[in-house]
Structure formats: C-alpha cells, structure tokens
Amino acid sequence: MAAFLLIWAFVLACFASAQPAPPPAGWRYWIDPDCVTHDADFESYPLEVFYLARSAYKRLKDPADTDFKRIFWVLFKTKFDDATLYDYPTDYTAVYGPKKGTAYDIALDALNHLATQWSNTTNRAEATVRIHCDNQERFQSYNGLNNDVVWDTLDQRTIYSPGGIPACQRINGLVAQVTRGAPHEFGDKPWCTMDFCNAIWTTLEKLDGIINNGQSPAYRPRRLDKVQHLTAKQENVDFRVVSMQGIGYAIYPAYVLMHEMFHTPPYFMMDYFDVMPNSATGGWEYALRLTTAQALTCAETYEYPHGGFTFDRRWEQQPDDLKWTATQIPDPQMTNGVYYNPIVFGALHSYGDITGEKNRRDYEWNP
Ligand SMILES: [Zn+2]
C-alpha cells in the first residue's frame, strides 16, 4: 500500500492577534505553465475541484438527500445535526479571529467557499494560491546562518526546510506541498505557494497501469465537457474488497489539489502527523482515523465528501436507532493479501440521490 505524503509547512510560526472578520470574497489562483507541460489536463483540475466541492455542498444541504448524510457521518464521526460547537482551524482563527461552529456549519462553510469563490488569473502577484510544478527547482540552498532553510528565488524569502533541501527533493513520495508565511504578514488575504512535486507524475503513471488492467473500476479524471459516472456494470461492483486507493479515489491530481486547496487561505486546514505511521497525511485509512475535531479541521477529510459517490445505500433502510450506535469506526484490515475495508459494508455507488426524486443532472457541472 503506497503511502501518499501530502504535507505542508509553516514558514514562520508566530501569529499576531487578529481582529475577527470573515474572509473576503473573490479569490484567485495562478498556474505555472510548467504544470501544463507535465500534464496537458492540468488546467481542468481546479475546475474539477470546484465542481466536487459544489456537488458535496448541494448534496449536504439537500434535506431530501438522506443517503449522502452517510458520508458526513463516516468522515466526521458525528451526525450532521450535532449541536456541539467545534473550533475552526487554529490558523484560521489566527487570521480571522476565534470562531466556533457546529460540525455541519464548519464543513459546509469550507465547501461552499471553495465551490463559489475562486477564479483563474494569469497575474501571479494577485493570486492567493500560486501553483508550481518545477519540483521546487526555484529554491536554492541558503548560505546563511541557518542550514535548515532554502531560499525562494522567485518570492525572495527563506523557507524552513531541513538540511537546506527542498521538500519535493528531500522527501521520497511527497506529491504536493503548500507553503505560506505567517498570516499576519499578508493582511486579510494571505497568499501561499503550492507545489506539485515530480513524485505525483510517477505515481499517476503507476496507478494508471492498475486502472488499465481492469483491476479496479476507476476511471480517468473527469473532463468537464463530459462528466462521467460509473457505468451500470460498475455499480454492481462489491467494494468491500476494494481499497479506496484501489478505486483510484485518492490519487487523481484533482483530489490531491483538493487536499492542498484546503490548506490554503482562507481554510487553513491542518495535517495531523501522529495519526498514521511515517507521518502520512493522506488516504482513506488516514481520514477514518481522525476524531471529529480533527476531521473538521483536516485537509484530507475534505477530499472525500464530494458528489457522485455514496456509501452503503442500505444504511438508509436501517432502523433509526441503529444507524448511530456504532461508537467507533473499525480500521481497514488486510486479509489474505486483500485489503478489506469494513466501513464500506454496502456497495459503493455513483448515485445522485437515494430518494430518486432528484434528477442526477442536478449534481453535474452546469457552468
Ligand atoms: Zn496536507
């Protein structure tokens, strides 16, 4: 089982006290042409991410879409109508002031913002998120007093990086990283850089082989001009013996990008490094191990509640007092060389709405 390391780093760890104020509207991202050189589809990935966030938001907001509530419970380990107040991410409050919300509010707030507030720009300087694919070649060693930093030749800043080696080049298997400064440096619109390391291109090549061998029902990343769903044949696949990564659920560049976007302002979601061995912060198993408070403030969680998938349709048919009695989610198990994920105890479907009252096209891309 390959472990996908999706990490980010602080440049500075000190925060100024902040006045409470909501994030402003209108956020921009910039894509370096290097990324399109690596992958001709790259510019479609942010649009895919916004589509996924929009689908999830619509489905979670829809009172008729009871089926999708299962995803909320699995990922956040609480009912969607849990009235407990949870903290927003620590770094969010450092910029926008202390804030609490219900699990439902925190999750929907983040998804709604990602779904609606972003647009592309060719002006790097005005972009909140600046996406690079140069394997951090723009970073140079820093001949200063501190050996654990690199010099960013583009943004003219030092970045913490042990050994003076850029993370993309230092950490085997690292696929992406968000790097930003201390929030107070940048006013109400802090910016950051995002790096897609070379490892992601290698990883995708390998997994494409699995997909093409017909060993998994995964399909190639969706194109916006032809939104794909699992075929009728694939809907009959029993996902109990298929790992989420085997499905290809966590390895598309769009999903990696979605994880990284939730690290950026204004979400400031976290990675929790003590949850899995080797400090891995990606993958379905990782997401399942998070507590409610962690899951609500973790970038990886938000990679999963997007539209188009639903877990265990039979769950809706269970007596209500049995739906919520599970106190913990079992760990996925490897049995006889087969990855067995007991949480997916029904089939996994591409399905718009269990009630059948919604037109599936409601959840498709409609620019
Ligand atoms: Zn991360």
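## Close-up views of a predicted model

**Figure 1. V150 and its partner across the strands.** In this close-up, V150 stands opposite I159 in β9. Please keep in mind that the model shown here is predicted. On the neighbouring pairing, S141 stands opposite V150 in β8. That places V150 opposite S141 and also opposite I159. One more pair to find in this view is V149, which stands opposite Y160 in β9. As general background, side chains in a regular strand alternate between the two faces of the sheet.

**Figure 2. The sheet of β7, β8 and β9.** Here we step back to the strands that hold those pairs. The three strands form an open sheet, ordered β7-β8-β9, with antiparallel pairing. Strands β7 and β9 are at the edges and have a single partner strand each, so one side of each lacks a neighbour in the sheet. From one strand to the next, the twist averages 40 degrees. How many bridges join each pair of strands? Strand β7 (residues 139-141) pairs with β8 (residues 149-152) over three bridges, while β8 pairs with β9 (residues 157-160) over four bridges. In general, strands of a sheet pair through backbone hydrogen bonds, either parallel or antiparallel.

**Figure 3. The turn between β8 and β9.** This view follows the chain from β8 into β9, a hairpin with four residues between the strands. Which residue of this hairpin takes a positive phi? The residue to look for is Q156, whose phi is near 55 degrees.

**Figure 4. Helix α2 against helix α5.** Two packed helices are described by the angle between their axes and the distance between the axes. Helix α2 (residues 44-61) packs on helix α5 (residues 103-116) at an angle of about 135 degrees, and their axes are 8 Å apart. The two helices are therefore oblique to each other, and their crossing is left-handed. From α2, the residues in the contact are F50, A53, R54, A56, Y57, L60 and K61. They meet L108, L111, N112, L114 and A115 of α5. By residue class, this contact holds nine nonpolar residues, one polar residue and two charged residues.

**Figure 5. Helix α2 against helix α8.** The view now moves to another contact of α2. The axes of α2 and α8 are 9 Å apart, and the helices pack at an angle of about 70 degrees. Angles of 65 to 115 degrees count as roughly perpendicular, so α2 and α8 are roughly perpendicular to each other. Here the crossing is right-handed. On the α2 side, Y45, P46, E48, V49 and L52 make the contact, and on the α8 side the residues are P253, A254, L257, M258 and M261. This contact of α2 with α8 has nine nonpolar residues, no polar residues and one charged residue.

**Figure 6. Burial of helix α8.** Is α8 mostly covered or mostly uncovered? Helix α8 (residues 253-261) is mostly covered, with nine of its nine residues buried. Among the buried residues of α8 are Y255, V256, H259 and E260. P253, A254, L257, M258 and M261 are also buried, and these residues of α8 take part in the contact with α2.

**Figure 7. F273 in the loop after α8.** F273 sits in the loop between α8 and α9 (284-289). Why does F273 count as exposed? It has 12 C-beta neighbours inside 10 Å, and a residue is exposed if that count is 12 or fewer. Setting aside neighbours within four places in sequence, F273 is in contact with S279 and T281. Y286 is 13 residues from F273 in sequence, with a C-alpha to C-alpha distance of 9.9 Å.

**Figure 8. D81 in the loop between α3 and β3.** The loop shown here runs between α3 (69-76) and β3 (86-87), and D81 lies in it. D81 has 10 C-beta neighbours inside 10 Å and therefore counts as exposed. D105 is 24 residues from D81 in sequence, yet the C-alpha atoms of the two residues are 9.6 Å apart.

**Figure 9. The whole chain, for orientation.** To place the close-ups, the protein chain has 11 helices and 15 strands. Of its 367 residues, 42% count as buried. Among contacts between residues at least 6 apart in sequence, 72% join residues at least 24 apart.

Conventions:
Residues numbered from 1 in each chain as written. Predicted model: local features only at pLDDT ≥ 70, side-chain atom pairs only at ≥ 80, totals over all residues. Buried ≥ 20, exposed ≤ 12 C-beta atoms within 10 Å, placed from the backbone. Contact = placed C-beta atoms within 7 Å. Pairing = 2+ DSSP bridges. Axes fitted to C-alpha atoms, helices over the stretch in contact; angles between N-to-C directions. Parallel < 35°, antiparallel > 145°, perpendicular 65-115°, else oblique. Left-handed = near helix turned anticlockwise from the far one by under 90°. Nonpolar A, V, L, I, M, F, W, Y, C, P; charged D, E, K, R; others polar.
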